[in-house]
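Student: I've got a structure open and keep running into terms I'd like pinned down. Can we go through them together?

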Amino acid sequence: MAILRLGGLILTIVLAAWNGTTCAAENLLLNSQFSFHAFDSSRTGTPGTYRSGSVPCWNTDAYGDVEVWRSTRAPQLRPPRPTDGVVKLRPGKRFSQFMLLCEVGLDHGDQVSLQVFGRQSRPGALQAAVHCLRLDNQPGTFSNPPDARVFPKHSRGELVRGPSYTSGANAAGDVVVKVERATIVGKFTESADASNDEPNTIGLLIEFTNTSTDDVWFYSPTLCRGPKAQGNLADARATPELYRSIPRTMQKLWRGEPLHIIVMGSSIDRGSANPRLVLYDEDPQSSTFKQALTGSDFDGEKIGRPEWNDYIGWWQHHFMYGGRLRQLLMQKFDYPIDKLLLNTMACDGSSVGESHSGLAEYAELRVRPNPAANGHREGKSWRELYPTVFARAEGARPDLVVFGSGANEHIDGPDEVAVFEGAIRWFQRHYPETEFVFCMWQNREAYSPNPPHLDELALRYQIPLVDLGRTLSLTTRHCNSYALCPKDGHPQAAGHYLWAKQLEQVFDAPGPIRSGLAQLQLPERISPQSISWEAEMTTYDAGHSRLRGKTAVILDDTVVNLWAKTKSELVTIVVDGATMPNQRRPSPRRDTRNSTVALGRLTLGDRHIVEVTGDGVELVAVDMKTALNRRWYGVENPLWSGQSALQPQASGASASKAAEPFTSSWGAPFGNQQRMLKPGESIEIIAPATDLSVAFADDPAGGELLITVDEADALKLATNQPFVMANGEKVFGENRRGIRGLPYGLHLVRVTAQGDNVRLLGLFAYDTRANRNHERVLRGYASPGERIDFATPFKARPLVFTTGGLNVERVTEIRPERVTFGGSAAGGYEIIGE
């Protein structure tokens, strides 16, 4: 992620290195001064912020393997030059930092040198090492039974160390340990199906180990380009600050409070790799090096973690980037696994669009622990696994949502941003404190079209974004790209390691802590299509009256997620009479993470019909969303008037008396009442809205509808045109058309029949405002007969609410520029509009 945040600085280093120019020596390590944030005091209520058990940007196997001390408080140790922190490394422990070559502008053939100051009680106790890390590149192929598929050996397991350059100091007391002339070996051949012994080094691991039985101390390490180690170097890279954009999550981590994290995405996210992620023998000295040691089921005994067995279903859930991130958070923030609920919503074949059917179920933990559904082993309940998550005041609600791959979307093309935005806004409406992180896998910067959408959302919502695709693209300068992604877009284990290491930087918070940058809650939308995607989902199962003939449905608005079964291999989707270009796989049951098709790139307010065709095809279930803040005014509603709605309605002139039953073959999506308008007859209504949709019934003998809004012509519609079904059947039934983009306020809608009778069903009124940031509210006190002139007119006739004896006798007394009050006594008023 440093590449994104520090783009200008790092790009300068990279270009200078690759163009052959000379750079001043700089320290390539992150947080070389061991700056830290001590959070133990937040948990215990005791003083002592001068030391901690972990160091941001550095890694240990467990919290407390090191103690980092403020240099001025370190026992019996005074560094010869100012530094923020010094580290005490316990016996037998290790302390490391990983970096990609592309992050620091290094290349194959370059030399680096490492230096660190230390104190040891025995010679050679403190060991410093520079490890070249490369992708596995052994010649030949392999398979991992029972999976019979064959893959190149470069598809296997973790990064491989070597060569390694290690050094110690042959003295006791204060020492300087140096590793010099560490050459970055590297060569590779780009090939999807073949591998060789070329060392495709992609990164370095800087590691300090304590080989003695006593503690060792060290401080101020430097890693620089060239054959000679140097000290007192300026940092080439600033420490990350993305933690500022997840302030609530960071605060909970510091305090040790339980967390519920949802990982969105697809099979790419949950580690369903080609080959699948399992435990391999990673010991290069072993006769079974890089051979699979297990089947698919996780077994914590094999890694010394039997207590994890109830929390991890398959090995892939341990090795996927989300599982690795969970372990990194446990190490950095001293967490047991039962306080980090990792809810893996990512699923094979799934997409964020399909996930909308399951957002509520996953957020509310209604899907029981199950390896295929959420990465957990079956047997215990969520409450048994995570009692402290349920015991907290806010309950088990999600705290953090991580958006990973979007490769399986293929839903709405350039409007797919609405799929992501709708999910974000759904969480924000239900759980306003939930935070988000973007870190999308992107193979060769060309596999998924969605990373630019996340860029837009990060900018609009202030969500931290890790540009993993750019980092991976730059990494392929140093390796065979197929060793990261052997087949299609699925990364192998080393790819998930890189994914997790980039995402880890969001949680690194070296002191001094800077003020947080809270993510924006429900700002203006990026996409108008998000209006429906952020709404609630309604399910219509097979047999419901809304499913016409088992193969067709009129949408509630614009978003649909459906499941269809068929005797053939594929299902054809027809939208508004047009056949979609790609056929879809059938779905025998409703699955909240996989469907036959999901789509939403349709016009709000218009009627939309979706059909499925194929051999013996039947709809199994249909999920549809109704846009937020939509109200239905059927013709039976007394707000409809047979004369001008701006005038008081004559006694008994109620539209509801003229309404009559309407028989629908589509389950009455627009009501079950109609009013027959004769030629020249009008009916009116006033409704608050930003968007309108007039619903009517088509008829072979139907006339035309003339629709005006606020005395201006809006639509002229013929009502005698049938809808032609996919099988050629001509259907006359309910229809509607939208009128979009009105300013918020009261709008007079007049519907007039022309030429012949017209059957009117009613009106949908929408309030599609993203928020109320632009809403104007005027409040005051007035007396009957008083006129209030607005200094700035409203964009439409505003809504007026009164108290006491004050009222507005006629709607004509409300205008965009003024209001005249009536009533019997003085009272308060509130005027709302845009």
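**Reading the terms off the model**

Tutor: Sure. In the protein chain, 77% of the contacts with a separation of 6 or more are accounted for by residues 24 or more positions apart. Keep in mind that this is a predicted model.

Student: What makes up the protein chain, in helices and strands?

Tutor: There are 19 helices and 46 strands. The C-alpha atoms fill a box of roughly 105 × 70 × 55 Å along the principal axes, and 57% of the 834 residues are buried.

Student: Why is Arg 377 called partly exposed?

Tutor: Buried means under 20% relative accessible area and exposed means over 50%. Arg 377 has 26% relative accessibility, so it counts as partly exposed.

Student: Where does Arg 377 sit, and which residues does it contact?

Tutor: Arg 377 is in the loop between helix H10 (371-374) and helix H11 (382-385). Beyond its neighbours within four places in sequence, its contacts include Phe 298, Asn 309, Asp 310 and Pro 369. Arg 377 and Asp 297 are 80 residues apart in sequence, and their C-alpha atoms are 9.0 Å apart in space.

Student: Why are H15 and H17 called oblique to each other?

Tutor: The axes of helix H15 (residues 468-475) and helix H17 (residues 493-504) cross at roughly 130 degrees and come within 11 Å. Roughly perpendicular covers 65 to 115 degrees, and roughly antiparallel starts over 145. The angle fits neither class, and H15 and H17 are therefore oblique. Their crossing is right-handed.

Student: Which residues make that contact?

Tutor: H15 contributes Leu 468, Thr 471 and Leu 472, while H17 contributes Leu 498, Trp 499 and Gln 502. By type, the residues of this contact are four nonpolar, two polar and no charged.

Student: What makes a set of residues a nonpolar core?

Tutor: The residues have to be buried, come from a list running from Ala to Cys, and be joined through side-chain atoms within 4.5 Å. The largest such core here has 69 residues, and Met 250, Phe 333, Leu 503 and Phe 507 have the most contacts inside it. Apart from that core lies another of 53 residues, among them Ala 373, Val 401, Leu 547 and Leu 555.

Student: Which residues does Leu 503 contact, leaving aside its neighbours within four places in sequence?

Tutor: Leu 503 is in contact with Tyr 321, Leu 325, Val 402, Val 437, Cys 439 and Val 466. As a general point, nonpolar side chains tend to be buried together in soluble globular proteins.

Technical notes
Residues numbered from 1 in each chain as written. Heavy atoms only, no water. Buried < 20%, exposed > 50% of the residue type's maximum accessible area, 1.4 Å probe, protein only. Contact = heavy atoms within 4.5 Å. Axes fitted to C-alpha atoms, helices over the stretch in contact; angles between N-to-C directions. Helix = DSSP H or I, 4+ residues; strand = E, 2+ residues; numbered from the N terminus. Parallel < 35°, antiparallel > 145°, perpendicular 65-115°, else oblique. Left-handed = near helix turned anticlockwise from the far one by under 90°. Nonpolar A, V, L, I, M, F, W, Y, C, P; charged D, E, K, R; others polar.
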